[in-house]
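Colleague: Could you take one part of this model and go through it closely, strand by strand, with whatever packs against it? I would like a connected account rather than a list.

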Amino acid sequence: MTEERWKVNKLLELEKDAQERWSAGHVFEQDFDESKKDVEHYTVTFPFPYMNGRLHLGHTFSLSKCEFAAGFNRLIGKRVLFPFAFHVTGMPIKVSADKLTLEMESYGYPPTFPAQEEPVAAQEVSAEDLIKDKSKGKKTKAEQKSGGAKYQWQIMKSLGLDDEEIKKFANPEYWLEYFPPHCTSDCKRMGLKVDWRRGFITSDANPYFDSFVQWQFRILKELKFIEFGKRNTIFSPLDDQPCMDHDRASGEGVGPQEYTLIKLKVLEPRPKILASITKPLFFVAATLRPETMYGQTNCYIHPDINYSAFYIGANNDEVFIGTARSARNMAYQLLTKEFGKVEYVEGLASFKGAELLGTPLKAPLSPLERVYALPMLTIKDDKGTAVVTSVPSDSPDDLVALNDLKKKKPLREKYGITDEMVLPLEPISILEIPGFGNLAAVTVVKDMKIESQNEKGKLDEAKKLVYLKGFNDGKLLVGNYAGELIKDVKKSIQDDLIASGEAIKYSEPDKKIISRSGDECVVALCDQWYLNYGNPEWKKAAHAACDQMETYVDEVRVILKRTIDWLHEYACSRSYGLGTKVPWDPEYLIESLSDSTIYNAYYTVAHLLQSTLNGSKTGTLDIKPELLNDAVWDYVFRAKPYDSEKIKIEEAKLKKMKDEFEYWYPVSMRSSGKDLLSNHLTFMLFNHVAIWPNRPEMWPQSYRANGHLLLNNEKMSKSTGNFMTLSEAIDRFSADGMRATLADAGDGLEDANFPVEAADANVKRLYNLLEITNETIESVKKKEYRSADQPILADVLFENSMNNLINQAKEAYAKTFYHEAVISAFYDFIKVRDFYREVSGTDKVREDLILKYFEYQAIVLAPICPHVCEKIWSLLGKDGFVIDQQWPVDLPVDPVVLDTVRFIEKNVHSFRLRLKDYLDPKKKKNVSGPPTSATLLYAVKYPTWQAEILKTLKNLYEENNGTFPDNKAISKIIMENSEVKKFAKKAMPFATFMKANVDRIGLEALSLTATIDQEKVFTDMAAYFRSALNVAEVKSVCVDDAPTPSAADVMPGYAGVVFE
């Protein structure tokens, strides 16, 4: 066994011991207590994880924020509740179970699978995203989670399950039995401060929670926040139902994108391939910019893409030309004769775009009588219809493609394009865009010197410039809305085109979405129950909830408010999967993001109602689930009066539930990954203001969002092997080693990193901390340390530094900045102890102070590394648990003493560099061996030129309300001083240096004399300096009145040294 493994095993042993003692003491089980009702509560929650696998480090990173917050708030005297539950609602479990059943039917037991196919390449992002809803994004996780496995059986194998065990998962209910206990076990090994009595699973498998969700939805319907009707939604044709975020294998967070589908009528002569079609025939182009149709000069077709001719209308009234993919979407938007079915023109289900080139067309709003279909080789078939309207005045792509065709006759001849189709075409002025004029694309292409369609990078940048500026500031020059801003009339132009029959609305997924059943999703216009998040009054209330909450990071509030603004109808029902049935329409199930918006309230009473995760056994109040109804929930959660006619449960029991809710609510902090900000966390705000409209004190108090966790600076993925579960991380690094590394990983919304090397280093730090604690206690027993009646300067420095770090750690914990907290409470705390031992030298450390150090270390590090801290607490002979102690308060910090420590550290470092230089034989300064003495040179006041600069800096700082002007302005002012001019080369470097000191310690840095008694430091610490410099004698000399060449760089706080 390696030394590192042995250390981890030791830590695992003490962690198990601490967890057993916590469990025996029921220390994390919290109940409402009348005698403590005035003690502030702190309820912290984490989105209940989905039970289709074990927790991994990514989950654990978000979870750790809750855990650290719970630990800290216990220490500052709050009553802390950290509940935990398990999500099973939705499609994933049912889909996976069905897949296992199908795989056994198709490939036998155990299954023998055919060779796997190559994975599909990832999609690129279009520059047109700039003028779409910016709050939409793409979150694709399925491939990373599955490790590249194609079959569900293989995915289950990757979890370490054998064939006999996997077979059981063909029953969806087995998932509900298997994973929650494993999740609980893993979390307990981590040392989570969870009240496990309050755990539960969702869906109608739990009758208590099922009743709670139905109550919530009846309220929402009564408030008219839930409606029924045809709405565009992401839809899985294979599953025959809406496919919401949690039902997707890829494309989480992606929504429908609406286009205007422009109908370009085919004129005579028709191309040969379309000659047999007698019905009205149209090329259809999906555009986000209907206002630019006034500038159409042609349309573009890709010669090598497959196109289709398909019927549109209730009676197959018209024929559209587009891709089969777009036709599939249209079929689900009531545009075809039969919902979900595409009927192709006979023989024209698929043909190459080359067959369409040269087709004459009538383009709506264009001043040209006819335009032509021309070739463009950059069109893709995964967006829109692959028919592109060309507006060269305002689309750089269109302009460059047109220029290419004009310049390259062989290109025209290759595709049968005549000169008259191309050469007369010129951009048509339709928009005025500030900074770009009335031919924006022409301007930007010229300015950026774009010559070819192959200059993709430049073209993309050009589009960003033109599209964004045009959308925000462009003004229309032609048509019925001439003189109006584009953003004001875009919708009106779309409506006019639709009313005239020249366009229709068309939607498709903004990016590719794959359902968990493996189906590519479409946008469907279908009957559904939906939450009307577009209700203006509801939005207003949600904004109010957002405004009053703490978000720790400003960007979180920005995302929340943006999401509140763009959210409109959201499908909240489906027909397949697990979940709670829609109360008034039981053929539908409530969608998995919609049943999890106020469940934090259920935590407050869960243990009173149920004693098993699925509610198969009653809780402490012995209430049967069939006795629950809306009147019961209204009494408990909405302060409605007790109605004895409707309620068949004793009021005393319900009063207990109500007391629990009223005390533990609202949620003090909700911790989550940033990907839930634009759905779950925003939904949570909407639903809280709906259920508790007149009780803002019950709305969430804070959201703590974090970025994704990288492992060794790479995305976690089973397919690459760069993946680690929570259980694996504990086995490898111990719980506290992992926890310290998670704390250090990062605090903002940017991606954080978990380096394995850092985790290994934390294992060593923790083990060494325990070893040094043991050694210190042994030395105390042997009376090897100084007593309190023998104080030295090092004691003052040490205690002051400890106090400062404790105060810094408290501030970081309060802000939930755990990277800063672990530095102050652990890494730097170790450094001040080591410094104290070093500067104490032969005097040894003081017994009471070193014991106080370990006591403080145990308390301030306990939120992050509680197991090791419990062990230290025990070694110190302290009673109780360290996690129940009080944070040290009223700790004075003297900034001058802090500066004294910095003075010693920086000058010893400088002296050692000088000593190294002195001993360097190449420099020939030392002819008689190592020095025996050192003269330390110090200054109490600054030379005149430096003093003048300090005065000037102070005046500038005060005149500018606590800031400095730029260096150019400072240089001009200080150089007007005749004393400063003499030292012109040194002046600005000195000024810049002192400015940095002000940022570090404040205006005190500009004092004209030293704030530190340097002579006293050198005298009292003489033994330390002798040891540090390895000399027999140390003396100190003030050089204020007797400057020497050796003292040229000496100034207050920055000493020099002469070796002899």
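Modeller: What follows looks at one small sheet and its surroundings, and then turns to another strand for a second view. The model is a predicted one, and the account should be read with that in mind.

The part I have chosen is an open sheet of 3 strands, in the order 26-25-27 and with mixed pairing. Its edges are formed by strand 26 (714–715) and strand 27 (752–754), each of which pairs on one side only. Strand 25, residues 709–711, is joined to strand 26 by 2 bridges in the antiparallel sense, and within this pairing L710 is found opposite K715 of strand 26.

Two helices can be described together with this sheet. Helix 23, residues 735–745, packs on the sheet and touches strand 25 and strand 27, with a direction that makes about 155° with that of strand 27. Helix 2, residues 57–75, also lies across strand 25 and strand 27, and runs at about 135° to strand 25. Helix 2 belongs to a stretch that carries a record: an unreviewed UniProt entry annotates residues 19–99 as "domain: Aminoacyl-tRNA synthetase class Ia". In the model that span is 42% helix and 10% strand, and the C-alpha atoms at its two ends lie 39 Å apart.

A single residue, S672, adds a further detail, and its place is in strand 23, residues 669–673. Because its relative accessibility is 1%, S672 counts as buried. Once neighbours within four places in sequence are left aside, the residues in contact with S672 are P47, S62, L681, R704, A705 and N706.

For a second view, one may turn to strand 7, residues 281–287, where 6 of the 7 residues are buried, so that this strand is largely enclosed by the rest of the structure. Strand 7 pairs with strand 6 (residues 256–266) in the antiparallel sense over 6 bridges, and T260 stands opposite T287 of strand 7. Strand 7 is also joined to strand 10 (residues 318–322) by 3 bridges, and here the two run parallel; in this pairing I321 of strand 10 is the bridge partner of F283.

As for the wider setting, the domain assignment of the protein chain gives domain 1 as 256–425 + 486–509 and domain 2 as 903–1059, and the C-alpha centres of domain 1 and domain 2 are 75 Å apart.

Key
Residues numbered from 1 in each chain as written. Predicted model: local features only at pLDDT ≥ 70, side-chain atom pairs only at ≥ 80, totals over all residues. Heavy atoms only, no water. Domains from an automatic or database assignment. Buried < 20%, exposed > 50% of the residue type's maximum accessible area, 1.4 Å probe, protein only. Helix = DSSP H or I, 4+ residues; strand = E, 2+ residues; numbered from the N terminus. Pairing = 2+ DSSP bridges. UniProt positions renumbered as here; feature names shortened; annotations may be inferred. Contact = heavy atoms within 4.5 Å. Axes fitted to C-alpha atoms, helices over the stretch in contact; angles between N-to-C directions.
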